Each structure stands twice: as C-alpha cells, then as structure tokens.
Amino acid sequence: MSAATATTEARLLLLGWNFRSGAGSVRDRIAFSGDDVREALERIRGRGLMSEGVIVATCHRSEIYGVAEGSGTDRELTRMISEWRGVDFDEAAQSSFSLEGPEAVRHLFRVAAGLDSMALGESEVLGQIRSALRLARETGTTRAVLHRLFESAVAAGKRARTETEIARHPLSVASIGFELATKVFGEIAEQTVLVLGAGETGTLFAQQAAEAGVRDIRIANRSPERAAALAAKIGGVPVAWGALPGALPEADLVVGATGSPTAVVGRDAVERAMRQRRGKPMFFLDLAVPRNVDPSVSEIYNVYAYGMDELEGVAEENRRRRQREVPRVEAILEEEHSRFLTWYGNLAVVPTLNDLQRRLAELRDAELARLPEGERERFREFADAIAAKLLHQPLRRLKSEPDASRRLDRVEAVRHLFDLDQ
Amino acid sequence: MASHALGWLALLCYLGAELLAIATLIAPRPAWPRLTTLAIAAGLVLQFANLMNRAHVLGSVPYRTLGGSVSLFAWMLGIAYLVLLVRHRARAMGAFLIPIIVVATLAGLLLPESAATASTASVAAQGTHGSVFALHVTLAILAYAAFTFSFVLSILYLIQDRQIRRHRTGLLFARLPALEVIGRMNRSSVTIGLAALVVSLVLGAFWAEVVWSSLADPKVEWAVITLVVYGFLLWMDRRGWEGPRVAVLSILGFGVVLFSYTIVNLYFSRAHSFR
C-alpha cells in the first residue's frame, strides 16, 4: 500500500472567468474562440500542467476544467493564460475564480442546467458543453475523468430541462409572440407572416419565422431594396410599401418593426381586411416603439394585438416562472452530482481493490456451492491461492503507478473489465 | 333489476382515465396519453356489456328505462370522445371532456330502473323492437352526446380566448390546445350531432307515420328548433362568426338541448318520453 500513498492524488479543478467573476474587459481579452480553445488545450498539455483538460467557452464565460496533481496549478495556469493573452497577471488572477473537487463538479452541472446563465435555463449552453467535450477529445486532452464528468453534466442538463419547466417559458419577446400566435392558429408554419420593416428587429423576426418553418413570409419596407434583400435572404416575398392595404387581408400574422413615428396600420385598414377574410383571425405583433399598429385594432372581432409592453410583461412573468423551478432543478443536479462523485470516489485504488476482492469471493462461493459439503473447505483454500497469485502482479503495478491520471485510467479499466460498477 | 357490476367497472376505467389525463396536464409522461386512451376503450367495452345485460334483463332495448337511456348516452359520449381523439389528436382535451363521461355513467347507474310508464309500455307494445325505432333513439342520443361535447369545447374555447387576450400564459394557457384546434373539434362535434339528429328525425318521422299516423309532438318541435340553432351555427361559422360568437351560439344551443331532453321530455311529451 505504500506505493499508492506515495503518489500524489489527482484532483479535479476549475479555473474560470465569467460574467459573475469580474471585469468584463479582462474577460473579453481572455475569451477563447474555437481555434483558441484548441491552442489553449495544446499549450496546457505542452506545459504538463494538467493530465486532462476541457475548455468551456461561451460569450460570457471561459472556464478551464482539468485534472491535476499537486497544488498551485491554478496559479500556473493563470500565469500561462495571462502571458498568452497579454493580460496583466494580477488583473487576470483577480477577475478569475477557481473551484476544486465536488465544487467544480457542482459548478459545471449548474452551467449545464442553465442556472449559471444570464437568461435562466437557456438551452444553448448545453450544446456549448457538448462541443467543449468534442474539441477536447479531438485534441486528445480528455480521458476517463473529464469524459465522464462532461457526459454526466450533459445528462444532468437534459434532465433539468425535461423534468422541470426551467426552459419551458420563453423569455424573448419574439418567442413569446410566436407562442401566443401558435395558441391562436395552431400550426404557425402554415400561416402567412407579413413583416413590416426590414431593419434589425424585422430581420431577426423574419429569420426566426423562417427557422420555425413558416413557408410564406412577406416583407414590406419603405425602401424596396432592403425588403428585396431580406426576402431573398430568408426565402420570402417582398411587398411594395404602397401595396400594403392589399397585402394585409392575406396576412395571418403581422409583425410591426418599422421605425415610423406614427402608426402604419390603422383600424380602418384592419376592419376592411377582416371583412375580406370573413372573420378569420388576425394576429398583430407590434415590436416597434412607438407602435406601428393602432392598438385599438384588438377591439375588432377575432383580431389579437400585442405591443412591447404586454410582451415584456409576459417575459417578466416567465422569468419568475423559471425562477420558481430552480429548487427542483437543484434537486436533480444534487442527484447527478452524488452519482458522479460515487463513481469518482471509486476510482481510488483502495475501494477498487475491495470491490475486486468482493467480486472474486462471490465467484468463488458460487462455484464452491456446486461441490459436495465435505470438499468445500479444501477447494476454498485452493481457489484463494490461485486468485491471489493471478492478481498479485497486476495489482502491484496498479498501486505503484506514479502518474496519477494514468492510474485513474487503469482503475477505470479494471472496474470496467470486472464489471465492478454494477 | 339488472346487475350493474360491469357498469361500475366501466366507471372505474373512466375515473382512471380522468386521473391519468389530469396527471398528464400537470407533469406529462410519454406513456400516459396512451394509457388514458386504453382506459377509455376498456370502459367502453365494459359499458357496452352492461348495456347488453340491461337489454337482456328487460327483454328489450336498454333505453326503455331512464337509467339505461343515460347509460347509452354516456357510452355515446365515450365513442364521440374517441372519434374526436383520433380525428384531431388533441390529447390535452381529455382532462376536460372525460368528466362528462364519468358523470353520465354515474347517473346511468344511479337513476331508477323501473318506471316503465303506460306510455312507454304502449310504445313498446307498438313495436319498440323495431330496428327503425332502435336506430332512431340511438342516433338521437348520439346527437345529444355530440352537442354536449360541443358545449364543453365552446366553454374551453372562451377560456383559452380570454387567456390569450389577457396574455395570461399560465398552466391553462399552456395545456389547452390552440383556438384553431378547439374550434375545429367543435365544428366536428356539431357536424356529427347535426347529421345524427337529421337521420334520427327522418327515421322517427317514418316510424311515427306507421305507428301514430301523426307527427305533432312537442319533442319533435324542439328537436327541429335544435336543428335550426346548430344549422345556423355551422352556417355562420363560414360567414365571419368563426370563433367566440360560434362558441356562444353553441352554448345557447345546448340550452335548447337540455330543455328538450329534460323539461319537454318529462312534462310536455306524452307518447314520446322515456323514463
């Protein structure tokens, strides 16, 4: 046992810069793009700082997860990163945060579940964690521990989103508008969407509608060139500004997104359109301030109209709804957390040896049970002697492996080969 | 007195289906909607066996008694529900529609069995066994079942419309289907009801010509009024009233149905009632 205790224990650690930890300017200079992540991982490996490494890089966070031995790794890592990115060491150190062991695991799980995101419960981060693992695997910097850790994090994040409502209520006004419209029309993809204004808001909404599968998108803009450009980009149809009254009756969902200081769709126009539509519902989503659509249109039979105030009210309510789900998400994360830690704890040599001995004793007893009563004692000694001889050399090597990370890999292999995690 | 063990078992199935449907609304699990449908189907089979048993004991059609008539109504509700489910795939409606089946089934089990009055006895004597008469009554009950669903769907429509207009995006908003879907289901219900009522009236008229040699009867008059109300509803649905107005009209129509099924049936109509 002396060889095992002589080697230093491998530790899980996390060094990060995110929107909570400190100055945005430092964070922005450190932030990794896709290629930077690869390079950073290679630099870390080149320096021999850690035996495993994965980098989670999103708009608001750069987090380095690793398995390392000894102490002071986070300091050396900070120095390496600050030199590479040209940031003052003290500044980089001050705006960073670092966690170890179970706390690092808990942090990653919270990130995966969207609890650490600016928009609570957002789902994009799950994909970012997946691609972090993929990049690290391609660079060859993951092995047993981080691989398992990140797969557990993705599983925890998925569970949080399917078993609670943390990701169910939309937060952006466009998504809320879509949700409301869907509750009127059913399939939104089958409807005709008319977007007024080809500026930033109009473009974003038109793109979102195209992504949602809407086949018939029409774009009206005062300058026809921009309408045509946006229509071409998203596979829609441009509508001449002057032809708006004629286009209105054909539209099921009308989105107001022009910068016009006065309303561009009046009550009379909508009343005429509704007569032509024979009462078929019409839905106005006014994303413009000041409003593009006369708000009194909602008094017309079967016309639904929403402005930014109403949509933002719903967004606020949805934020509160997501907030209420946090305790349930945390309960799920705790479950996954302890499941991972149990696995991780078993990776130490001693528990694995105990498990292995237990497994062999089970096999031996099962075989002995088939023998006549009188002969069992004799064969037990014989079986134990063979098992001890057989395992002597492999176990000695396992215990005396000086490289902690390689030792973890081998323990994991033993657990896998002898099916010890059952 | 017929034994209703099968009827009570059917009621248990419907109750189970309702519990599953409510659970699905609160915290959906993939297997639950299918289990709900299975429970309804099992209830329908049991209830059908119960109806056959009633018929056997009476030596006649099961709706000679009020209990039997309401049981058949409950069974028709179940059938109509399955048709709507298959046609529109709106499983979320289960929690709101199944309670009507439960209540009707319970009423069918508790309402009196006997009370075969002189009038019904005479009807029986004049040929209750005739298949024309049986089909006439069955279709009339199917029509009432379909109009009942239309009534509930209309209420749900108005609730969902209110949620959307007041931007209340809570549990009810999330779980109720889109207005378009509820409206479509409502249209299906009314269409089934109207078709069943028209055929039932024609068969009834044919039968009455033979047996009574007269069509003058308050219940027939009210059935024609029902026909006019729902016919008008379907017509206006295509002429700009689709939506809340049609829902309100359907609720009014159901008032007429209730009136003719209860008041007219029990107090005005002599030769034509069953209780």
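Chain A comes out with a mean pLDDT of 89 (the predictor's confidence in each residue, from 0 to 100), and 97% of its residues reach 70 or more. Residues 1-7 of chain A are another story, with pLDDT below 50 and eight contacts beyond near neighbours in sequence; a contact here means C-beta atoms, placed from the backbone, within 7 Å. This is a predicted model, with local features needing pLDDT of at least 70 and side-chain atom pairs 80 or more, while totals for chains, interfaces and linings use all residues. Residues are numbered from 1 along each chain as its sequence is written, with chains lettered from A and ligands numbered from 1 in the order in which they are written.

The largest nonpolar core (buried Ala, Val, Leu, Ile, Met, Phe, Trp, Tyr and Cys joined through C-beta atoms within 7 Å) has 123 residues, and Val195(A), Phe284(A) and Ala145(B) are among those with the most contacts inside it. Buried means 20 or more other C-beta atoms within 10 Å of a residue's own, exposed 12 or fewer, and partly exposed in between, with C-beta atoms placed from the backbone. Helix H6 (residues 131-165) of chain B gives the most to this core, at 18 residues; helices (H or I, at least four residues) and strands (E, at least two) are DSSP runs, numbered from the N terminus. A second, separate core of 61 residues includes Val54(A) and Phe340(A).

In helix H13 (residues 267-276) of chain A, Val270(A), Ala273(A) and Met274(A) are buried. Strands E9 (282-286) and E10 (303-306) of chain A are part of their cover, whereas Asp268(A), Arg275(A) and Gln276(A) sit exposed on the other side. Just past H13(A), Arg278(A) adopts a positive phi of about 55 degrees.

Definitions and conventions
Contact = placed C-beta atoms within 7 Å.
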